[in-house]
Amino acid sequence: MASLFNEVGYDAATVAALVERAGLTRGALYFHFASKEDIARAVLDEAVTRQGLRPQPFKVQEWVDLGLLLAYRVPREPVLRAAIRLSVDPKARRLFGTRWPDWVTVGRELLVEAKERGELLPHADPAAVSRAVVGSWTGVQLVTEALGDGLELTGEISMLYQLVLPNIVTPAVLARVDSSPYRAERLLREENPEAVDTQ
């Protein structure tokens with residue numbers, strides 16, 4: 001069902017189309033969800049995920065991992081793609097809000113810990129950096145999807161971090177942070193070797 005929101009947007013995703021996509025009867029759909037709005041809310045509730053994230057020696061590495069893991073998963077998981085589509089759809093955003101504030105909070109918390117540990121440069125404001133990167137991450141995802149051209153979201157997000165990190169991370173820590181486009185796949189493979197899709 002979530003893939004329908006991604007394909008056609010919130011308004012065009014009718015209940016009839018959602019029923020057909022889910023392979024359910026209308027009654028079965030309404031048993032689980034009271035309305036199309038409830039389905040959209042359920043999709044958005046799945047958007048903030050830390051799947052694959054594990055403790056690292058540096059908190060800034062965990063912050064980078066969070067973005068790389070999401071970049072790996074979004075092209076492979078219809079619910080995550082649909083959550084982004086709902087977030088950028090003006091009508092859906094007015095009705096349900098977005099999960100961007102939650103992503104900003106998660107990032108800020110990791111960056112606050114990184115700053116307390118001396119991993120960030122003195123001028124790096126965790127809240128401002130988190131807001132800027134969540135906005136940039138979303139923009140990179142939308143542009144990468146629109147351009148196609150064989151672009152991989154993990155590679156584009158890796159480049160985003162390579163541009164940002166030297167401006168916020170101390171040189172000693174920067175030398176040890178891995179922002180490779182292949183890092184997310186490695187982390188997920190370590191967590192569950194059978195579950196990684198090498199699409």
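Which residues does Glu-62 touch, not counting those up to four places away in sequence? I started today's notebook with that one, working on a predicted model. I found Leu-53, Arg-54, Pro-55, Gln-56 and Leu-110 on the list.

**Entry 1: Glu-62 at home.** I placed Glu-62 in helix 5. I then looked up its accessibility and read 6%, so Glu-62 counts as buried, the cut-off being under 20%.

**Entry 2: the largest nonpolar core.** I stayed with helix 5, which spans 59-73, and turned to the core. The largest nonpolar core holds 40 residues. I noted Val-60, Trp-63, Trp-137, Ile-157 and Tyr-161 as the ones with the most contacts inside it. Helix 5 gives the most to this core, namely 9 residues. At least two core residues each also come from helix 6 (78-88), helix 8 (100-116), helix 9 (126-147), helix 10 (153-168) and helix 12 (183-191). I also found another core lying apart from this one, with 17 residues, including Phe-5, Leu-18, Leu-29 and Leu-86.

**Entry 3: around Tyr-161.** I picked Tyr-161 for a closer look and left aside its neighbours within four places in sequence. Its contacts include Trp-63, Val-64, Gly-67 and Leu-68. I also wrote down Val-133, Trp-137, Pro-166 and Ser-179 as contacts of Tyr-161.

**Entry 4: salt bridges.** How many salt bridges are there? I got a count of 10. A friendly reminder to myself: side chains of opposite charge can pair when their charged atoms come close.

I went first to Asp-65 and Arg-183, whose side chains meet in a salt bridge at 2.4 Å, N to O. This pair links distant parts of the chain, with Asp-65 in helix 5 and Arg-183 in helix 12, 118 residues apart. Are the two partners buried or exposed? I found both Asp-65 and Arg-183 buried.

Next I checked Asp-102, which forms a salt bridge with Arg-99, the closest N and O atoms being 2.4 Å apart. Asp-102 has a relative accessible area of 29%, so I list this residue as partly exposed.

Then I looked up Arg-117 and Glu-119, which meet through their side chains in a salt bridge at 4.0 Å, N to O. The two ends read differently: Arg-117 is partly exposed at 47% relative accessible area, whereas Glu-119 is buried at 3%.

Last, I traced bridges that share partners and found that they join Asp-65, Asp-178, Arg-183 and Arg-186 into one network.

Technical notes: Residues are numbered from 1 along each chain as its sequence is written. This is a predicted model: local features need pLDDT of at least 70, side-chain atom pairs count only at pLDDT 80 or more; totals for chains, interfaces and linings use all residues. Side-chain values use heavy atoms; hydrogens and water are left out. A nonpolar core is a set of buried Ala, Val, Leu, Ile, Met, Phe, Trp, Tyr and Cys residues joined through side-chain atoms within 4.5 Å. Buried means under 20% relative accessible area, exposed over 50%, partly exposed in between (1.4 Å probe, protein chains only). Helices (H or I, at least four residues) and strands (E, at least two) are DSSP runs, numbered from the N terminus. Contact means heavy atoms within 4.5 Å.
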